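Dear colleague,

Please find below the structure that I am handing over to you. A summary of the findings follows it.

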Amino acid sequence: MCPLGINVCQNGNVKTMESAGTIFEIEDSDHIFRILERPRAINVERNRNFDFEERPSIERLEGLSPHSRRSGFHTPRSHTYFETHAMIAEAWENLRRSIVNYRGQPVGTIAALDHSVEELNYDQVFVRDFVPSALAFLMNGEEEIVKNFLLKTLHLQSWEKRIDQFKLGDGVMPASFKVMHNPVRNREILIADFGESAIGRVAPVDSGFWWIILLRAYTKHTGDSSLAEMPDCQKGIRLILSLCLSEGFDTFPTLLCADGCCMIDRRMGVYGYPIEIQALFFTALRCALLLLKQDQEGKEFMERIVKRLHALSYHMRSYFWLDLKQLNDIYRYKTEEYSHTAVNKFNVMPDSLPDWVFDFMPKHGGYFIGNVSPAKMDFRWFCLGNCVAILSSLATPEQAAAIMDLIESRWEELVGEMPLKICYPALESHEWRIVTGCDPKNTRWSYHNGGSWPVLLWLLTAACIKTGRPQIARRAIELAESRLSKDHWPEYYDGKLGRYIGKQARKFQTWSIAGYLVAKMMLEDPSHLGMISLEEDKQMKPLMKRSTSWTC
């Protein structure tokens, strides 16, 4: 573990930090990359001197170069595009300022570059936060930083993870990591957080899924499968899958999760089977099918994945989906049904339907609700889960179109003056006190409780392109462009319409910057969508019939 008083080396900033109970560090002595700094581009010259003995297969891989172009700002198209759009040029400059180097090689981007407030953990590289940054770099032909990030987080996965006296599963990926300088050994080390320093001490369920999704995006974009096919990467995928596909007491194919295990990392009543995790789980399973090798171990996991995907797609499309007809059906549910023919399979009380949902539901439109578990349905709208459902084809084409219809019909509520509501509606009054525990950061229409998050712009744009509604994305991007740069790229906005910069929002939030860039580049070249979109699998489209124990 890291000694007390260690100096933090983070893009030239030095800080003193105390070590927490169980913090994990990497001290692998892999080769040093020499970075040749050039204006607005990264060019990496590699020194192939290997002195790391423990994991040679990964270190050998870091000496490989992707089989694709390395376009940067000096290509004719990018030069014209970026020079004529000041806001894009500014965004790229800020994104490059956020790059974190480890022993001479870029390995990620920090969460925020706001030095006007205490850094807390915003000076770390978060797995989920880096995804839009990674996509931006890939779209600009800069694959090296993405490969380095994937390899370094894979190293971190292999370390023993303990919180107090409890050992976490081998497949758990870190929520974040940071580069620190060890003055005793006079070298840089990586310190990882697997949840032991997080709010509520919750392990990040989504990190492993995002890692698999990003690995597939890298492979798809570069055409280079050598990274994914390395034994270490194959093992990493299998370890993540082992955590998710293990058999237990669950009667549902969805994943049971604690509050705070994903982007909403504070107590917000998403414990149970949150839509964000289920959509990412589905996406990661489909990506893993494309990444696993056809060897004995790979085939065994592929069989398990296919079975789970069939069950998961049916469950989500049947029980998480809500439209006007389904809302009316729930409104008329009988309770205490005891048999396999029960319609109200989760024994949801119709009186628990919130008043707002009847006005919120348009005549044409629908969405995947936030959570379904015994006697509980969370009818809140969650943006990330629904957009990922579209991109992964968890949503059928009809459901995907209905989600977009809902966004158009409820534009004021879900987009307002700054895209995009992380969830809707906000918890208020007594419900806020009970569900959040009186969380002062998640007050109504703020932060995770109905705040507006610019990073979600890239997911909305991707969903719009996939469903043939690019005009929705353009409208949202125009709204963002009217304020983001002027407001110094805030983390989130507050208020029912997203009119106010968040009361505790960091400025120069990296994923707000990267999310905007990805949205712009995707609209300019829709072929980029292929990195994060999966087409519908016809075999996972069973005829959905409901058992009936009553008639209308």
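The notes below cover the nonpolar core and then the salt bridges.

This is a predicted model, in which local features need pLDDT of at least 70 and side-chain atom pairs count only at pLDDT 80 or more, while totals for chains, interfaces and linings use all residues. Residues are numbered from 1 along each chain as its sequence is written, and side-chain values use heavy atoms, with hydrogens and water left out.

The largest nonpolar core (buried Ala, Val, Leu, Ile, Met, Phe, Trp, Tyr and Cys residues joined through side-chain atoms within 4.5 Å; buried means under 20% relative accessible area, exposed over 50%, partly exposed in between, with a 1.4 Å probe and protein chains only) has 173 residues. Helix α9 (residues 275-291) gives the most to this core, namely eleven residues; helices are DSSP runs of H or I with at least four residues. W211 is among the residues with the most contacts inside the core. Its contacts (heavy atoms within 4.5 Å) include L150, M173 and I240.

The whole structure holds 16 salt bridges, each a side-chain nitrogen of Lys or Arg within 4 Å of a carboxyl oxygen of Asp or Glu. In one of them, D405 pairs with R469, with the closest N and O atoms 2.9 Å apart. D405 belongs to helix α14 (residues 397-409) and R469 to the loop between α17 and α18, 64 residues apart. D405 is partly exposed at 25% relative accessibility, whereas R469 is buried at 14%. A salt-bridge network links D405, E408 and R469.

Kind regards

Key:
Helix = DSSP H or I, 4+ residues; strand = E, 2+ residues; numbered from the N terminus. Lists of a residue's contacts leave out its neighbours within four places in sequence.
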